[in-house]
Amino acid sequence: MPLIAASVICADFSRLGEEVERLEQVWVDWLHFDVMDSHFVPPLTFGPLVLQAVRERCGLTFNAHLMVSRPETLISDFAEAGADGLIVHQEAVADPAALLEQIRAAGCRAGLAYNPSTPLSDLPHWMDHLDMLLLMSVTPGWSGQKFMPEVVDKVRDAHRLLQEAGSSAPIIVDGGLNGETTPLVTAAGATVAVSGSYLFEHPNGLEGALVELRR
(Lines give C-alpha, C1' and ligand atoms only; values in the text may rest on other atoms or scores of the structure.)
Protein backbone atom coordinates (compact mmCIF):
# COMPACT_ATOMS: atom_id res chain seq x y z
CA MET A 1 0.00 0.00 0.00
CA PRO A 2 1.56 3.33 -1.01
CA LEU A 3 1.95 6.39 1.14
CA ILE A 4 -0.31 9.19 -0.07
CA ALA A 5 1.08 12.71 -0.44
CA ALA A 6 -1.63 15.34 -0.89
CA SER A 7 -0.74 18.10 -3.35
CA VAL A 8 -1.57 21.29 -1.48
CA ILE A 9 -1.86 23.30 -4.69
CA CYS A 10 -5.28 21.71 -5.26
CA ALA A 11 -6.62 22.63 -1.83
CA ASP A 12 -8.99 25.52 -1.09
CA PHE A 13 -6.58 28.37 -0.38
CA SER A 14 -9.31 30.52 1.14
CA ARG A 15 -9.24 28.16 4.14
CA LEU A 16 -5.87 26.45 3.81
CA GLY A 17 -5.34 25.97 7.55
CA GLU A 18 -8.59 24.03 7.80
CA GLU A 19 -7.73 22.03 4.71
CA VAL A 20 -4.39 20.78 6.05
CA GLU A 21 -6.00 19.88 9.39
CA ARG A 22 -8.64 17.89 7.51
CA LEU A 23 -5.96 16.08 5.51
CA GLU A 24 -4.29 15.01 8.73
CA GLN A 25 -7.61 13.83 10.17
CA VAL A 26 -8.31 11.53 7.21
CA TRP A 27 -4.83 9.99 7.48
CA VAL A 28 -3.06 11.42 4.48
CA ASP A 29 0.63 10.56 4.98
CA TRP A 30 2.51 13.58 3.58
CA LEU A 31 1.76 17.07 2.31
CA HIS A 32 3.32 18.00 -1.03
CA PHE A 33 3.93 21.70 -1.77
CA ASP A 34 4.41 22.47 -5.48
CA VAL A 35 6.62 25.55 -5.67
CA MET A 36 6.74 27.08 -9.18
CA ASP A 37 8.56 30.20 -10.29
CA SER A 38 7.02 30.97 -13.73
CA HIS A 39 10.47 30.31 -15.20
CA PHE A 40 11.36 26.63 -14.86
CA VAL A 41 7.65 26.00 -15.38
CA PRO A 42 5.14 28.63 -16.57
CA PRO A 43 2.85 28.85 -13.52
CA LEU A 44 3.68 30.90 -10.42
CA THR A 45 2.48 29.43 -7.13
CA PHE A 46 3.81 30.26 -3.66
CA GLY A 47 6.89 30.56 -1.49
CA PRO A 48 7.97 29.48 1.98
CA LEU A 49 5.52 31.78 3.77
CA VAL A 50 2.59 29.56 2.76
CA LEU A 51 4.28 26.45 4.11
CA GLN A 52 5.24 28.27 7.29
CA ALA A 53 1.69 29.56 7.77
CA VAL A 54 0.24 26.04 8.02
CA ARG A 55 3.15 24.30 9.74
CA GLU A 56 1.69 24.86 13.20
CA ARG A 57 -1.72 23.57 12.09
CA CYS A 58 -0.51 20.16 10.98
CA GLY A 59 1.97 17.52 12.12
CA LEU A 60 2.32 15.67 8.82
CA THR A 61 5.53 15.42 6.82
CA PHE A 62 5.91 18.53 4.62
CA ASN A 63 7.82 18.17 1.35
CA ALA A 64 8.46 21.15 -0.91
CA HIS A 65 8.83 20.26 -4.59
CA LEU A 66 10.93 23.10 -5.99
CA MET A 67 10.05 23.42 -9.68
CA VAL A 68 12.28 26.48 -9.96
CA SER A 69 15.32 27.53 -11.94
CA ARG A 70 17.57 28.44 -9.00
CA PRO A 71 16.57 26.10 -6.18
CA GLU A 72 19.80 26.75 -4.28
CA THR A 73 18.52 30.22 -3.37
CA LEU A 74 15.44 28.80 -1.59
CA ILE A 75 16.86 25.92 0.44
CA SER A 76 17.43 27.80 3.70
CA ASP A 77 14.12 29.67 3.45
CA PHE A 78 12.04 26.51 3.09
CA ALA A 79 14.06 24.68 5.74
CA GLU A 80 13.44 27.51 8.20
CA ALA A 81 9.75 27.58 7.24
CA GLY A 82 9.37 24.00 8.45
CA ALA A 83 9.86 21.75 5.43
CA ASP A 84 10.89 18.19 6.27
CA GLY A 85 12.04 17.42 2.73
CA LEU A 86 13.08 19.44 -0.31
CA ILE A 87 12.91 18.05 -3.83
CA VAL A 88 14.84 19.71 -6.66
CA HIS A 89 14.85 18.95 -10.37
CA GLN A 90 17.77 17.27 -12.06
CA GLU A 91 17.09 19.49 -15.08
CA ALA A 92 17.47 22.69 -13.04
CA VAL A 93 20.92 22.24 -11.51
CA ALA A 94 24.44 21.73 -12.80
CA ASP A 95 25.64 19.74 -9.79
CA PRO A 96 22.84 17.73 -8.17
CA ALA A 97 25.18 16.11 -5.64
CA ALA A 98 26.25 19.47 -4.20
CA LEU A 99 22.68 20.74 -3.99
CA LEU A 100 21.40 17.55 -2.37
CA GLU A 101 24.11 17.86 0.26
CA GLN A 102 23.14 21.51 0.77
CA ILE A 103 19.60 20.34 1.51
CA ARG A 104 20.84 17.76 3.98
CA ALA A 105 23.05 20.35 5.68
CA ALA A 106 19.93 22.49 6.14
CA GLY A 107 18.35 19.65 8.11
CA CYS A 108 15.96 18.35 5.44
CA ARG A 109 15.63 15.13 3.48
CA ALA A 110 17.04 15.61 -0.01
CA GLY A 111 14.99 14.62 -3.05
CA LEU A 112 15.77 14.63 -6.76
CA ALA A 113 13.04 14.86 -9.41
CA TYR A 114 13.06 13.80 -13.06
CA ASN A 115 10.71 15.04 -15.77
CA PRO A 116 9.01 12.37 -17.92
CA SER A 117 11.36 12.98 -20.86
CA THR A 118 14.57 12.96 -18.79
CA PRO A 119 16.40 9.61 -18.82
CA LEU A 120 17.73 8.05 -15.64
CA SER A 121 21.18 7.48 -17.11
CA ASP A 122 22.90 9.75 -14.58
CA LEU A 123 20.90 8.60 -11.54
CA PRO A 124 23.65 6.26 -10.25
CA HIS A 125 25.91 9.32 -9.82
CA TRP A 126 23.56 10.83 -7.23
CA MET A 127 22.51 7.72 -5.30
CA ASP A 128 24.73 8.45 -2.29
CA HIS A 129 23.33 11.95 -1.97
CA LEU A 130 19.55 11.52 -2.22
CA ASP A 131 16.95 10.48 0.31
CA MET A 132 13.97 10.52 -2.09
CA LEU A 133 13.48 10.09 -5.82
CA LEU A 134 10.52 11.75 -7.55
CA LEU A 135 9.42 10.76 -11.03
CA MET A 136 7.00 13.05 -12.83
CA SER A 137 4.25 11.19 -14.67
CA VAL A 138 2.93 14.37 -16.31
CA THR A 139 4.60 17.47 -17.72
CA PRO A 140 5.29 19.61 -14.64
CA GLY A 141 3.34 22.80 -14.20
CA TRP A 142 -0.40 22.09 -14.22
CA SER A 143 -2.70 19.88 -12.18
CA GLY A 144 -5.35 17.69 -13.75
CA GLN A 145 -3.20 16.24 -16.56
CA LYS A 146 -3.50 12.66 -17.76
CA PHE A 147 -1.03 10.08 -16.54
CA MET A 148 1.73 9.11 -18.99
CA PRO A 149 1.76 5.28 -19.04
CA GLU A 150 5.32 5.11 -20.33
CA VAL A 151 6.47 6.28 -16.89
CA VAL A 152 5.63 2.84 -15.47
CA ASP A 153 8.72 1.39 -17.13
CA LYS A 154 10.75 4.29 -15.77
CA VAL A 155 9.55 3.53 -12.25
CA ARG A 156 10.57 -0.09 -12.73
CA ASP A 157 14.03 0.96 -13.95
CA ALA A 158 14.46 3.36 -11.04
CA HIS A 159 13.47 0.65 -8.58
CA ARG A 160 16.07 -1.69 -10.05
CA LEU A 161 18.80 0.97 -9.94
CA LEU A 162 18.06 1.83 -6.33
CA GLN A 163 18.05 -1.82 -5.32
CA GLU A 164 21.36 -2.45 -7.09
CA ALA A 165 22.86 0.50 -5.22
CA GLY A 166 21.48 -0.70 -1.90
CA SER A 167 19.45 2.50 -1.53
CA SER A 168 16.26 2.60 0.52
CA ALA A 169 15.16 5.95 -0.95
CA PRO A 170 11.40 5.95 -1.63
CA ILE A 171 10.21 6.41 -5.20
CA ILE A 172 7.58 9.14 -5.40
CA VAL A 173 5.38 9.40 -8.48
CA ASP A 174 3.65 12.70 -9.19
CA GLY A 175 0.95 13.38 -11.77
CA GLY A 176 -2.32 11.91 -12.97
CA LEU A 177 -2.58 9.32 -10.21
CA ASN A 178 -5.98 7.86 -9.43
CA GLY A 179 -7.57 4.56 -8.48
CA GLU A 180 -6.52 3.02 -11.80
CA THR A 181 -3.02 4.42 -12.32
CA THR A 182 -1.71 4.26 -8.75
CA PRO A 183 -1.64 0.42 -8.73
CA LEU A 184 0.41 0.48 -11.93
CA VAL A 185 3.22 2.53 -10.42
CA THR A 186 3.17 0.79 -7.04
CA ALA A 187 3.45 -2.59 -8.75
CA ALA A 188 6.51 -1.22 -10.57
CA GLY A 189 8.16 -0.16 -7.32
CA ALA A 190 6.79 3.25 -6.33
CA THR A 191 6.15 3.73 -2.61
CA VAL A 192 4.60 7.23 -2.52
CA ALA A 193 1.77 8.56 -4.69
CA VAL A 194 1.23 12.31 -5.01
CA SER A 195 -2.42 13.13 -5.56
CA GLY A 196 -4.04 16.49 -6.16
CA SER A 197 -7.09 16.88 -8.36
CA TYR A 198 -8.23 13.30 -7.80
CA LEU A 199 -7.95 13.64 -4.04
CA PHE A 200 -9.70 16.98 -3.66
CA GLU A 201 -12.33 16.58 -6.39
CA HIS A 202 -13.43 12.99 -5.79
CA PRO A 203 -17.24 12.63 -5.71
CA ASN A 204 -17.01 10.68 -2.45
CA GLY A 205 -14.73 13.21 -0.80
CA LEU A 206 -11.24 12.77 0.58
CA GLU A 207 -12.15 9.57 2.36
CA GLY A 208 -13.49 7.97 -0.82
CA ALA A 209 -10.42 8.98 -2.81
CA LEU A 210 -8.05 7.61 -0.18
CA VAL A 211 -9.85 4.27 -0.09
CA GLU A 212 -9.41 3.89 -3.86
CA LEU A 213 -5.78 5.05 -3.85
CA ARG A 214 -4.83 2.61 -1.10
CA ARG A 215 -6.87 -0.34 -2.33
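This short talk goes through strand 8 and its neighbours, the cysteines, and two loop residues with a positive phi.

Before I start, please keep in mind that this is a predicted model, in which local features need pLDDT of at least 70 and side-chain atom pairs count only at pLDDT 80 or more, while totals for chains, interfaces and linings use all residues. Residues are numbered from 1 along each chain as its sequence is written, and side-chain values use heavy atoms, with hydrogens and water left out.

Let me begin with strand 8, residues 192-195; helices (H or I, at least four residues) and strands (E, at least two) are DSSP runs, numbered from the N terminus. In a regular strand the side chains alternate between the two faces of the sheet. Here V192 and V194 point one way, A193 and S195 point the other way, and all of them are buried, where buried means under 20% relative accessible area, exposed over 50%, and partly exposed in between, with a 1.4 Å probe and protein chains only.

Which strands run parallel to strand 8? Strand 1, residues 3-7, is joined to strand 8 by four bridges and runs parallel to it, and within that pairing A5 stands opposite V194. Strand 7, residues 171-174, also runs parallel to strand 8, through three bridges, with V173 opposite A193. For pairing, DSSP has to find at least two bridges between the two strands.

Strand 7, helix 7 (residues 182-188) and strand 8 together make a right-handed β-α-β unit, right-handed being the case in which, with the strands pointing away from the viewer, the path from the first strand over the helix to the second runs clockwise.

Turning to the cysteines, how many disulfides are there? The count comes to zero, with a disulfide taken as a pair of cysteine sulfur atoms within 2.5 Å. For C10 the closest cysteine sulfur is that of C58, and because the distance is 16 Å, it is too far for a bond. The sulfur of C108 likewise has its closest cysteine sulfur in C58, at 16 Å, which is too far for a bond, and C108 counts as buried, at 6% relative accessibility.

Finally, the backbone. Most residues other than glycine have a negative phi, and most peptide bonds are trans. W27, however, has a positive phi of about 70°; it is found in the loop between helix 1 (16-25) and strand 2 (30-36), and W27 is exposed, with a relative accessible area of 68%. S38 has a positive phi of about 60°, is found in the loop between strand 2 and helix 2 (48-55), and is partly exposed, at 43%.
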